[in-house]
Amino acid sequence: MIRNKRSAMHRRARMLLLTFVVFCLALAPYAALAGKEGIYVSDSVYFTLEKVRLSEASDDSILRFSIGLHNGSAESVDYNYFGVRVTDAAGYSYSAQLTGQQSARVLSGKEQEFAYEARIAKGSQADQLRVALFTWNYGASVSMNDIGSFSVAAAMQSAAETAPLAIVPLSKADTSLSVDDKVEFRIGNEYFVYENNDWNLYIDLIALNAGTSGLTLPSGLKMRLEDSAGQTVAVTAIDGADKSLLPGKPQRISVRAAIPADDSANDWALQFYYLTGTTPTVLDSMAAGKSFKPSAIGDARPITDSQGQETVSVKVESAAISQSADGQWVSAKVRIDNNGSKVTAVPKLTAKVQSRNGGVSVTAEDPSTHAAYLSQNESETFSFNALMPKGVDVSDMQIALFETRTVTGSSNSNTSSNGTANTSGTTGSTTGSGNSNTGGTNSGTSTTTKSIPALIANLDNAQLYVQGSGSDYAIGSKIDLALDKKIDVAVSELKLYENDNNGFKTAIAKLKLTNADTTVLATPDLALELVDASGSVYSGTKQATAATQLATNSSYLISYSFLMSAMDENEPLLLRVYNAKDAGKVPLGTVKTAFQQDNLTDDVWNVFPYKIDLREKLLLHSVLSTTFSYSLRMDLGVQRTEQIISDANLSKLQFELVDGTKQVISTQTVAFLGTTRLLNGTNELTFTNLKLNQFSSLNYINVYEIVDTPNGVVKRKLAEFH
């Protein structure tokens with residue numbers, strides 16, 4: 001808009017202006033709208049102060065605002081007759097420049113805003129500033145007649161709930177662009193991540209093309225952070241800066257700045273600037289690092305696409321921390337949900353566990369493979385594990401989740417001592433082709449993977465398990481495990497067995513898994529270790545076949561076998577339970593226990609989940625011409641001590657006929673389940689086709705439980721009788 005002060009005004013315009021001035025002198029400013037000041041020039045024409053932003057530049061401050069002209073009269077109003085300036089408490093005045101070209105004539109019944117920018121003294125506070133509205137007086141000399149002023153602080157307070165905003169005119173960074181080519185930047189998400197001994201501030205900017213034609217951000221537009229002491233930090237755009245910006249369409253641009261650890265708590269402003277030689281000129285700025293707020297366990301946050309539309313939601317569903325002599329094992333379950341109306345891709349997630357006070361950042365591993373897509377209302381679970389040092393307090397722990405994005409586009413290199421612009425990246429891989437050059441020119445196309453934060457959650461409410469030397473444990477009781485589902489785990493039996501194949505003792509732990517939830521759950525893939533008094537560690541091998549799902553309110557038996565070296569079976573043991581899929585072997589729980597001992601002199605055989613009472617026994621023999629046989633007749637009380645689902649072939653009873661030299665003459669095996677199972681009552685077994693020379697009054701019966709393990713069949717003696 002160009003004002004020609006030397007042109008003569010029409011008489012009608014002079015009279016209209018005089019009328020306005022009279023009204024302005026007669027009416028003081030008062031609230032035009034709820035919570036807003038207004039300056040009336042008639043009963044139907046008034047002005048308001050809009051979109052006020054005060055930001056810091058290198059050598060001064062920038063006050064940006066708009067004057068809203070509300071024309072409720074029956075005629076057009078020409079804004080050329082009005083002007084504004086900024087004043088401070090000391091009486092200094094600062095000129096305000098219009099920042100766009102538009103029609104000055106506001107039609108009847110219309111409203112229009114006129115955007116201004118004023119460069120004022122550095123450090124100026126909002127409560128010291130006012131925006132004065134005046135009319136031009138073209139008499140013998142040109143003068144200004146003030147008709148009222150607005151409080152900057154009051155206008156900023158009324159807009160305090162809006163997100164930080166920077167309006168950047170691009171023509172100053174690239175003269176080929178129009179003065180109307182502007183981009184509005186808002187803060188979307190902010191994350192503080194501790195990397196490479198510094199705090200890295202990641203910001204998802206939402207860029208909106210406020211002009212009327214499509215454009216891309218010019219290479220001459222740069223970004224940096226500056227604190228109140230004047231310290232500047234380079235800002236790197238890592239995703240989205242090379243995308244086309246269509247009018248009125250939002251575009252996500254992710255940037256990163258490495259802030260020295262000692263200065264992470266400073267007040268920082270994100271500045272948009274351009275260079276003239278080596279001299280930076282700040283175009284606009286906004287507060288940065290203020291909106292960051294870590295989520296809590298269970299809180300869901302959206303993951304959005306480049307236009308800001310939610311694709312999936314992410315949350316830390318549960319977390320557990322097991323403290324031991326080796327450090328603190330952190331296990332976190334992260335859930336992705338597709339709440340939308342269409343199939344969507346599962347984001348590629350990585351994670352780190354960090355200390356909120358800085359100094360520690362450890363990569364978390366997830367050994368599982370995941371689906372590529374999620375249908376509507378489906379979810380996917382990630383399991384991340386990391387070992388944190390013992391000295392990090394649980395209340396300081398956070399998990400940082402990163403989304404791996406694939407970025408394809410032009411690669412611009414724009415760096416300087418004052419900051420950086422478009423597309424230097426985070427850690428990742430890059431492939432591409434093109435001509436290499438510098439100075440902000442296009443260097444070709446590339447495909448790059450970038451890891452960008454998607455969620456940071458505090459772990460102060462994680463389940464805490466102090467392992468130490470393990471808590472005392474009673475066989476059959478529930479073990480407190482850091483499981484994320486309603487599954488109870490108990491060791492129902494822990495005994496030593498003989499392995500005739502390799503001569504090693506074999507320990508068998510029978511685990512009882514109970515689904516305490518109201519829905520079917522997947523069987524947790526657990527790994528077990530036994531640690532003896534000398535510190536030797538024995539890994540357990542799970543039975544070959546086991547249920548993959550646990551029905552509601554049902555219990556299942558799963559056995560683990562351990563090949564043991566020579567040891568004192570009366571000494572205490574540590575039993576450690578892990579998630580078998582966790583490469584870092586995160587202990588879910590540790591208990592102190594011991595092997596159960598069998599009494600071979602009584603008539604009770606304990607073979608979980610059965611208790612067998614030998615009420616009566618009788619061993620008979622019969623002789624044929626060349627052979628003889630034994631018949632073992634028993635009256636048994638077979639009681640199932642717990643209702644539990646188990647593999648029919650897991651455990652059986654074996655009866656061995658042994659001669660006086662302890663050589664096994666014959667065996668009979670009886671299962672607990674099936675058509676030929678052990679009966680509650682009379683049971684008869686026959687050992688046939690025995691040679692006459694094997695008959696002896698010294699022959700006797702050994703009774704064993706046998707278990708088929710991946711390392712062979714093992715047996716445990718229950719009784720001996722003649």
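The residues that line the second largest cavity of this predicted model divide into 5 nonpolar, 2 polar and 4 charged. The cavity holds about 80 Å³ of space. Its lining is made up of N189, Y191, D204, R252, P302, I303, T304, E403, R405, P453 and A454. Four strands each supply at least two of these residues: β14 (182–195), β22 (301–304), β30 (397–412) and β34 (442–458). Of the strands, β22 gives the most, with 3 residues. In terms of domains, at least three lining residues come from domain 2 (170–288), and at least three from domain 3 (301–407).

This cavity is one of 4 in the structure with a volume of 30 Å³ or more. Rolling a probe the size of a water molecule over the atoms shows where empty space is left. The largest cavity has a volume of about 90 Å³. It is lined by 13 residues, and those nearest its centre are Y610, S646, D647, S651 and F672. By class, this lining consists of 9 nonpolar, 2 polar and 2 charged residues.

From the cavities we turn to the packed side chains. In soluble globular proteins, nonpolar side chains tend to be buried together. The largest nonpolar core here has 36 residues, and F185, L205, L225, L270 and F272 have the most contacts inside it. At least two residues of this core come from each of β13 (165–169), β14, β15 (198–209), β16 (222–227), β19 (250–259), β20 (268–276) and β21 (279–288). Strand β14 thus appears twice, as it also supplies at least two residues to the lining of the second largest cavity.

L205 shows the surroundings of one core residue in detail. Leaving out residues up to four places away in sequence, L205 touches F185, R186, I187, M223, Q251, R252, I253, V255, L270, F272 and M286. Among these contacts, F185, L270 and F272 are also listed with the most contacts inside the core. R252, another contact of L205, belongs to the lining of the second largest cavity. A second, separate core has 34 residues, including L481, L530, Y538 and L573.

The last stop is K290, in the loop between β21 and β22. K290 counts as exposed because its relative accessibility is 53%, and the cut-off for exposed is over 50%. Beyond its neighbours within four places in sequence, K290 is in contact with E190 and D267. The C-alpha atoms of K290 and W268 are 8.6 Å apart, with the two residues separated by 22 places along the chain.

Technical notes. Residues numbered from 1 in each chain as written. Predicted model: local features only at pLDDT ≥ 70, side-chain atom pairs only at ≥ 80, totals over all residues. Heavy atoms only, no water. 1 Å grid on protein atoms, 1.4 Å probe; cavity = no way out; pocket = protein on both sides within 12 Å on 5 of 7 lines; lining within 4 Å. Points joined across faces, edges and corners; volume = space filled by probe spheres on them. Nonpolar A, V, L, I, M, F, W, Y, C, P; charged D, E, K, R; others polar. Domains from an automatic or database assignment. Core = buried A, V, L, I, M, F, W, Y, C linked by side-chain atoms within 4.5 Å. Buried < 20%, exposed > 50% of the residue type's maximum accessible area, 1.4 Å probe, protein only. Contact = heavy atoms within 4.5 Å.
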